[in-house]
Amino acid sequence: MIPNFDDDDTDRKICFIASKGTLDMVYPSLIMANAALGEGIETHIFFTFWGMDIITKELSEDLQFTWMGNTAMHPPGKKMHMPQGMAGLPGMTKVATKMMKKQIADLDVPEVPEMVQMIADAGGQLWACKMSADMMGLEMDDFVEGVQDIISATDFIELSEGAQVIFT
Amino acid sequence: MATATIAGADVTVDEEGFMTEFSEWSEDIGSALAGQIGIDLSDAHWKVLNFVREDFQAQGETPTLRRVSKVGGVPTKELFQLFPKKPAKKMSYIAGVPKPHGCV
């Protein structure tokens with residue numbers, strides 16, 4: 001009895017669109033892309049709008065978390081909701097970010113820059129959005145290692161042909 | 001649970017064919033398991049497999065790819081070269097430990 005590792009007969013391909021730059025919203029695509037690569041699946045991530053922060057050298061290690069506008073926010077394991085007004089207090093974003101980073105680290109999940117590096121090393125293909133790069137005045141030099149190119153929306157539609165596309 | 005004969009030894013395996021008894025494993029069995037999935041073991045493979053077994057014994061669970069690269073000192077890129085496509089599953093299969101459960 002040999003496990004079926006399906007080496008050759010998978011043509012599955014997954015493309016993630018990473019459009020957010022808040023700490024809690026950058027992990028879904030990164031975690032799933034990493035998992036897909038570990039399953040031998042061709043994996044792409046297209047970074048656009050605030051998602052560009054994930055691959056921008058100056059910003060990727062400093063992504064922030066706020067619960068402003070997130071009425072579901074509750075402290076870990078507690079059934080109480082955090083008042084929205086508190087989220088706007090000075091310094092609260094810093095505190096909330098620190099707490100979330102600690103929880104992520106406690107699970108032994110890497111910070112964003114290391115996660116991106118891991119994905120690139122595992123063969124993940126990283127693409128920056130041209131319109132966002134133009135808007136933000138970013139060039140290839142501004143991006144972390146592993147980003148392959150700045151591509152247009154049309155380029156992305158072409159490369160994602162036949163893929164499962166997931167917007168995050 | 002079923003029994004399979006690998007490298008002349010009877011070992012307990014789960015429904016997918018992964019070994020379930022840590023102590024039933026031997027290096028000969030490891031080589032035979034690797035051969036079954038088309039991998040010819042080199043020293044670089046053994047470095048990974050030995051780490052996976054030692055870490056499993058110490059931690060009580062199979063190390064994730066990140067742990068093998070961070071703690072075991074084998075870069076992610078190399079893991080994908082040594083155990084193509086599905087490194088985490090392949091290395092645990094050969095090392096006779098369960099598949100890793102962590103998400104990362």
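**Exercise 1. Work out which elements cover the buried residues of helix 5 of chain B in this predicted model.**

Start with the helix itself. Helix 5 of chain B runs over residues 87-95, and 8 of its 9 residues are buried. Those buried positions are Pro87(B), Ala88(B), Lys90(B), Met91(B), Ser92(B), Tyr93(B), Ile94(B) and Ala95(B).

Next, look at what sits over them. From chain B, the cover includes helix 1 (27-36), helix 2, helix 3 (65-70) and helix 4 (76-82). Helix 1 of chain A is also part of the cover.

Finally, check what follows the helix. Just after helix 5 of chain B comes Gly96(B), with a positive phi of about 70°.

**Exercise 2. Find the salt-bridge partner of Lys89(B) and say where each side chain lies.**

Take the contact first: Lys89(B) pairs with Glu39(A), at 3.0 Å from N to O. Now place the two ends. Lys89(B) belongs to helix 5 of chain B, while Glu39(A) is in the loop between helix 1 and strand 2 of chain A, so this pair crosses between chains.

Then check accessibility. Lys89(B) has a relative accessible area of 22% and is partly exposed. Glu39(A) is partly exposed too, at 29%.

**Exercise 3. Describe two salt bridges that stay within a chain, Lys13(A) with Glu42(A) and Arg67(B) with Asp55(B).**

Begin with chain A. The closest N and O atoms of Lys13(A) and Glu42(A) are 3.9 Å apart, which just meets the 4 Å cut-off. Lys13(A) lies in strand 1 (residues 13-18) and Glu42(A) in strand 2, so the pair ties together parts that are 29 residues apart in sequence. Lys13(A) is buried at 16% relative accessible area, whereas Glu42(A) is partly exposed at 37%.

Move on to chain B. Here the closest N and O atoms of Arg67(B) and Asp55(B) are 2.7 Å apart. The bridge links helix 3 to helix 2 of chain B, so it ties together parts 12 residues apart in sequence. Arg67(B) is partly exposed at 22%, and Asp55(B) is buried at 6%.

To round this off, there is a network to spot: salt bridges with shared partners join Asp108(A), Glu114(A), Arg66(B) and Lys70(B). Over all chains, the structure holds 10 salt bridges.

**Exercise 4. Decide whether Asp53(A) is paired or unpaired, and list its contacts.**

First, locate Asp53(A): the loop between strand 2 (42-47) and helix 2 (84-87) of chain A. Asp53(A) is buried but has no salt bridge. The nearest side chain of opposite charge is Lys101(A), 12 Å away. Leaving out neighbours within four places in sequence, Asp53(A) is in contact with Leu59(A), Ser60(A) and Leu63(A).

**Exercise 5. Give the volume and lining of the largest pocket, then of the largest cavity.**

Pocket first. Its volume is about 440 Å³, and 23 residues line it, with Leu107(A), Asp108(A), Thr64(B), Gly102(B) and Val104(B) nearest the centre. Helix 2 of chain B gives the most to this lining, with 3 residues. By type, the pocket lining divides into 11 nonpolar, 7 polar and 5 charged residues.

Now the cavity. The structure holds 1 cavity of 30 Å³ or more, and the largest cavity has about 90 Å³ of space. Its lining has 14 residues, and nearest the centre are Leu23(A), Tyr27(A), Lys101(A), Glu111(A) and Val112(A). Helix 3 of chain A gives the most, with 3 residues. The cavity lining splits into 9 nonpolar, 1 polar and 4 charged residues.

Key: Residues numbered from 1 in each chain as written. Chains lettered and ligands numbered in written order. Predicted model: local features only at pLDDT ≥ 70, side-chain atom pairs only at ≥ 80, totals over all residues. Heavy atoms only, no water. 1 Å grid on protein atoms, 1.4 Å probe; cavity = no way out; pocket = protein on both sides within 12 Å on 5 of 7 lines; lining within 4 Å. Points joined across faces, edges and corners; volume = space filled by probe spheres on them. Helix = DSSP H or I, 4+ residues; strand = E, 2+ residues; numbered from the N terminus. Nonpolar A, V, L, I, M, F, W, Y, C, P; charged D, E, K, R; others polar. Buried < 20%, exposed > 50% of the residue type's maximum accessible area, 1.4 Å probe, protein only. Lys, Arg positive; Asp, Glu negative; His and termini not counted. Contact = heavy atoms within 4.5 Å.
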